[in-house]
Amino acid sequence: MAKPLPPLSLYIHTPWCVRKCPYCDFNSHEPNGDLPEAAYLKALLHDLDGDLALAAERQIQTIFIGGGTPSLMSPAFFERLFNGIRRRLPFAPNIEITMEANPGTTEQARFTGYREAGINRLSLGIQSFQPAQLKALGRIHGGEEAITAVGQARAAGFDNINIDLMHGLPGQTPSLALDDIDQALALSPDHLSWYQLTLEPNTAFHSQPPVLPEEESLWDIQELGHQRLEQAGFERYEISAYAKPGKQSQHNLNYWQFGDYLGIGAGAHGKLTTIDPQGQWHSERRWKTRQPDAYLRRDNDPRGFVAGKQPIAADELPLEFSMNALRLTEGVAMHAWSAHTGQPQEALLARLHTAAKKGLLMEMPEKLRASPQGLLFLNELLAFISDE
């Protein structure tokens with residue numbers, strides 16, 4: 001009997017934002033005039049039509065709406081969008097639907113509208129509560145607006161809220177980083193994404209780098225921050241993700257466990273699996289037209305929205321799978337390795353001996369799981385996994 005396909009998620013990209021942040025390497029663009037909601041809605045559904053065969057009648061387990069700033073779009077836009085998606089694909093009974101939102105782009109009525117449209121998880125891009133750090137990051141909100149946004153979201157009925165925080169910011173000390181965590185904890189979020197600022201290519205920060213904390217200070221920030229979050233009852237379940245019990249991001253878990261996901265919208269990426277007549281899985285990555293105006297024009301183009309696609313070669317699967325799975329603090333079951341890579345467990349175990357001796361792996365033969373040291377030096381650990 002053929003093994004079942006991996007779980008299926010849906011990623012929806014909205015490419016517009018009020019102002020491009022200097023650290024941002026996402027596909028985000030400042031709009032010229034009003035947002036073309038009606039045209040973009042139509043294009044998204046036609047984009048999804050082109051991918052339906054790859055869904056293979058699976059239920060959508062999770063939806064994640066990213067950007068850009070999705071909260072620039074109206075609640076009515078999302079209500080019509082979800083209705084259109086439901087007509088094409090079944091939703092899981094307990095589907096998680098996450099939308100990213102930025103403080104300063106929402107108010108109480110919009111939060112209520114988003115909740116009524118079916119969005120049941122909110123991810124607020126706060127990044128910091130400190131005026132100097134927010135200014136350095138080019139954010140359009142202040143600390144008080146961030147606090148207000150969380151309160152408005154709670155009042156609108158959201159009982160699953162993530163706060164995005166960054167650390168290693170220009171001028172940030174360990175004390176300031178802990179102040180940000182303490183302020184976030186005071187708002188009683190259900191989930192915290194706490195990650196280090198990196199200078200990505202093709203960003204303003206990459207061409208004009210700010211002065212960042214020294215390495216010793218960064219180590220202190222990470223260690224003290226991990227301790228503070230764990231003391232507050234947050235479980236670290238991925239390198240930069242912390243959650244209250246039962247509040248892990250199901251969408252991101254599907255990514256890290258190498259599940260499948262459709263990607264619709266300007267520049268969206270997807271990974272889809274098909275089964276051949278012999279019952280073997282074959283995975284392919286595909287991505288959509290990136291520029292918003294060009295994406296909208298593709299709605300009337302017989303070529304459709306796909307800008308490119310690339311099968312994941314068999315010899316690339318071990319690294320592809322491990323790059324995701326080893327980010328999880330609990331790792332993944334060893335049988336998942338064989339299911340996703342097509343390789344026997346013995347082929348992996350032979351590579352793990354040296355990594356385990358170096359303290360990069362936990363001694364758990366039934367799981368592929370990085371040690372705390374391995375999470376800190378993930379690239380070194382991945383070199384053992386991918387080494388032939």
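There are 13 aromatic pairs in this structure, which is a predicted model. It also holds 16 salt bridges, while a search of the whole structure turns up zero disulfides. Here's a quick tour, topic by topic.

**Aromatic rings**

- A pair of aromatic rings is described by two things: how far apart the centres are and the angle between the planes.
- Take Tyr295 and Phe305: their ring centres are 4.8 Å apart and their planes sit at 40 degrees, so this pair is called tilted.
- Tyr295 belongs to helix α10 (residues 292-297) and Phe305 to the loop between α10 and β12 (306-311), so the pair ties together parts that are ten residues apart in sequence.
- Both Tyr295 and Phe305 are buried.
- These two don't stand alone, as ring pairs join Trp16, Tyr40, Tyr295 and Phe305 into a cluster.

**Charges over rings**

- Arg115 has its charged end over the ring of Phe158, 5.8 Å from the ring's centre.
- Lys271 does something similar with Phe258, lying over the face of the ring at 4.2 Å from the centre.

**Salt bridges**

- Side chains of opposite charge can pair up when their charged atoms come close.
- Lys42 and Asp299 meet in a salt bridge, at 2.8 Å from N to O. Lys42 is in helix α1 and Asp299 is in the loop between α10 and β12, so this pair ties together parts that are 257 residues apart in sequence.
- Are the two partners buried or exposed? Lys42 is partly exposed at 40% relative accessibility, whereas Asp299 is buried at 14%.
- Lys288 forms a salt bridge with Asp47, and their closest N and O atoms are 2.6 Å apart. Since Lys288 sits in strand β11 (residues 281-288) and Asp47 in helix α1, the bridge ties together parts that are 241 residues apart in sequence.
- Lys288 counts as buried at 3% relative accessibility, and Asp47 counts as buried at 2%.
- Asp47 and Lys288 also belong to a network of salt bridges that links them with Asp51, Glu284 and Arg286.
- Arg58 bridges to Asp260, with the closest N and O atoms 3.0 Å apart. Arg58 comes from the loop between α1 and β2 and Asp260 from strand β9 (residues 260-264), so the pair ties together parts that are 202 residues apart in sequence.
- Arg58 is buried at 11% relative accessibility, and Asp260 is buried at 0%.

**Cysteines**

- Why does Cys17 form no bond with Cys24? Cys24 holds the cysteine sulfur closest to that of Cys17, but at 6.7 Å it is too far away for a bond.
- Cys24 is in no disulfide either, and its nearest cysteine sulfur, in Cys21, is 6.4 Å away.
- Cys17 is buried at 5% relative accessibility, and Cys24 is buried at 13%.

**Helix α2 and its surroundings**

- Helix α2 (residues 75-86) has twelve residues and spans 17 Å from first C-alpha to last, close to the expected 16 Å.
- Its buried residues include Phe77, Phe78 and Leu81.
- The buried residues of α2 pack against β1 (8-14), α1 (37-55), β2 (60-67), β3 (91-101) and α3 (108-117).

**Two buried strand residues**

- Thr14 is in strand β1 and is buried at 1% relative accessibility. Its contacts beyond four places in sequence include Tyr40, Ile65 and Met73.
- Ile163 is in strand β5 (residues 161-167) and is buried at 0% relative accessibility. Among the residues it touches beyond four places in sequence are Leu124, Val150 and His191.
- Gln280 is 117 residues from Ile163 along the chain, and their C-alpha atoms are separated by 40 Å.

Note on methods
Residues are numbered from 1 along each chain as its sequence is written. This is a predicted model: local features need pLDDT of at least 70, side-chain atom pairs count only at pLDDT 80 or more; totals for chains, interfaces and linings use all residues. Side-chain values use heavy atoms; hydrogens and water are left out. Rings of Phe, Tyr and Trp (its six-membered ring) pair if their centres lie within 6.5 Å; planes under 30 degrees apart count as stacked, over 60 as edge-to-face and the rest as tilted. Helices (H or I, at least four residues) and strands (E, at least two) are DSSP runs, numbered from the N terminus. Buried means under 20% relative accessible area, exposed over 50%, partly exposed in between (1.4 Å probe, protein chains only). A charge sits over a ring if NZ of Lys or CZ of Arg is within 6 Å of the ring centre and within 35 degrees of the ring normal. The expected span of a helix is 1.5 Å times one less than its number of residues. Contact means heavy atoms within 4.5 Å. A disulfide is a pair of cysteine sulfur atoms within 2.5 Å. A salt bridge is a side-chain nitrogen of Lys or Arg within 4 Å of a carboxyl oxygen of Asp or Glu.
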